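Trainee: Could you take one small part of this model and look at it closely? Please start from a single pair of residues and then work outwards.

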Amino acid sequence: MKTRDRLRIAMQKSGRLTEPALELLTRCGLTFRQSRDKLFCFGEGEPVDLLLVRDDDIPGLIAQGVCDLGIVGRNVLSEFQLTAGCELAPLSELRPLGFGRCRLSIAVPQELDYHGPQQLEGRRIATSYPGLLGEWLRTHAVDAGVVMLAGSVEIAPKLGTADAICDLVQSGGTLVANQLREAEVLLESEAVLAGSLTLPVDERGDMLELLLKRLDGVIQVRESRLLLLQTSRHTLEAVTRLLPGGPQPTLLSVAGQPDQLMLQALCAGEVSWRQLEEIKKAGAREMYVLPVEKMLV
Ligand code: PRT
Ligand code: ZN
């Protein structure tokens, strides 16, 4: 069989990860010709094509070698790694992508006074994640029944088919609407770039390396903020101590105000209101937090 010379990425056809995944790839300079209602999108500028599928199929497509990479939730990837047959190629998480954040949690009826894992002993837990739940139960030496459901897991306790559930939680709204509350977090999840552990050593491998570099750049810029503020010289040390992580700040003098300094700091990650308020208390004023569009250092 002729090997492919173009890189192929599997991503969700239609769902929560579709828009952010496409946006990320576009930011990496990839553009695609085919319309999105098709299964296959041909990459125009670079030799990188897309396969649009259900998210659950993505790890299998990579493991079978149909695709080289996939953008998929860590929850789906980890479940696959725990349940797939060992005849398939092992997969790895190449990069966390910072969107589609959620957690896989066990939730119990609100009226249950939950103290710890042992309370789940002998109970039935409904889930679409039997691999991850089974592993957690084994780790905590809990013998519970796993009720496999493909969807609408949250209504199982109300229907009497389970005593608790193990499902994805984001805002927690679905749990509240079903009189459930989160008891244990099994996995913190977000979209990840998944790939085979054995990466191709040909043109595809070179393209993959290039893509990873671009991806790192895009992620770094997306998570960077430029913090601008004014401070007097005698509060500079206290203000600097509170700055969120990043390279050394740049200091500029302020015309006509020899005691004042303008400080410019590149911060890795979000700068919260609370952090700003603390920095202000230490003596800063005129504070601005700006997103970074491009970076070339
Ligand atoms: O058709 P296909 O199989 O591709 O789509 P899907 O319906 O299986 O997936 P989709 O689009 O719902 O989710 C894709 C991925 O998004 C998941 O695998 C997760 O990695 C991630 N993600 C992030 C979520 C959520 N947040 C989320 N809130 N996936 C599902 N939910 C559901 C959850 O199952 C529960 O029903 O939303 C509900 C909980 O949300 P809150 O906000 O009420 O807590
Ligand atoms: Zn799915």
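**One pair in a sheet, and what lies beyond**

Mentor: Start with Leu-252, which stands opposite Met-262 in β14. Keep in mind that this is a predicted model. The pair belongs to a longer match. Strand β14 covers residues 257–268, and β13 pairs with β14 in the antiparallel sense. Five bridges hold that pairing on record.

Now widen the view. β13 and β14 are part of an open sheet of four strands. Read across, the order is β13-β14-β12-β15, and the pairing is antiparallel. Two strands sit at the edges: β13, at 250–254, and β15, at 285–291. Each of these pairs on one side only. From one strand to the next, the twist averages 20°.

A helix joins the picture. Helix α9 is made of residues 273–281 and lies across β12 and β15. β12 itself runs over 224–232. Against β15, α9 runs at about 150°.

Step back to the domains. The domain assignment places domain 3 at 223–291. Domain 2 spans 102–189. Domain 1 comes in two pieces, 7–100 and 190–218. The centres of domain 1 and domain 2, taken over C-alpha atoms, are 29 Å apart. The two domains touch through ten residues of domain 1 and ten residues of domain 2.

Set a second sheet beside our starting one. This open sheet has five strands, in the order β8-β7-β9-β6-β10. Here the pairing is mixed. The edges are β8 (145–148) and β10 (180–189), and each pairs on one side only. The twist averages 30° from strand to strand.

Pick out one pairing in this second sheet. Strand β6 (residues 102–109) and strand β9 (residues 164–169) run antiparallel, joined by five bridges. Within that pairing, Ile-106 has Cys-166 of β9 as its bridge partner.

Two helices meet these strands. Helix α3, residues 74–83, lies across β9 and β10, at about 75° to β10. Helix α4, residues 130–139, packs on the sheet. It touches β6, β7 (124–127), β8, β9 and β10. The direction of α4 makes about 100° with that of β10.

Finish with the ligand. Ligand 1 has 21 residues around it. The closest are Arg-54, Asn-75, Gln-170, Ser-171 and Thr-174. Some polar contacts can be picked out. Gln-170 puts a backbone N or O atom 2.8 Å from an oxygen atom of ligand 1. Gln-12 uses its side chain: a polar atom there lies 2.9 Å from a ligand oxygen. Arg-16 has a polar backbone atom 2.9 Å from an oxygen atom of ligand 1. As for cover, ligand 1 taken alone exposes 840 Å², and the protein buries 78% of that.

Conventions: Residues numbered from 1 in each chain as written. Chains lettered and ligands numbered in written order. Predicted model: local features only at pLDDT ≥ 70, side-chain atom pairs only at ≥ 80, totals over all residues. Heavy atoms only, no water. Pairing = 2+ DSSP bridges. Axes fitted to C-alpha atoms, helices over the stretch in contact; angles between N-to-C directions. Contact = heavy atoms within 4.5 Å. Near = heavy atom within 4 Å. Polar contact = N/O pair within 3.5 Å; in protein donor to acceptor, adjacent residues only side chain to side chain. Areas by Shrake-Rupley, 256 points an atom, 1.4 Å probe, with all protein chains shown as cover. Domains from an automatic or database assignment.
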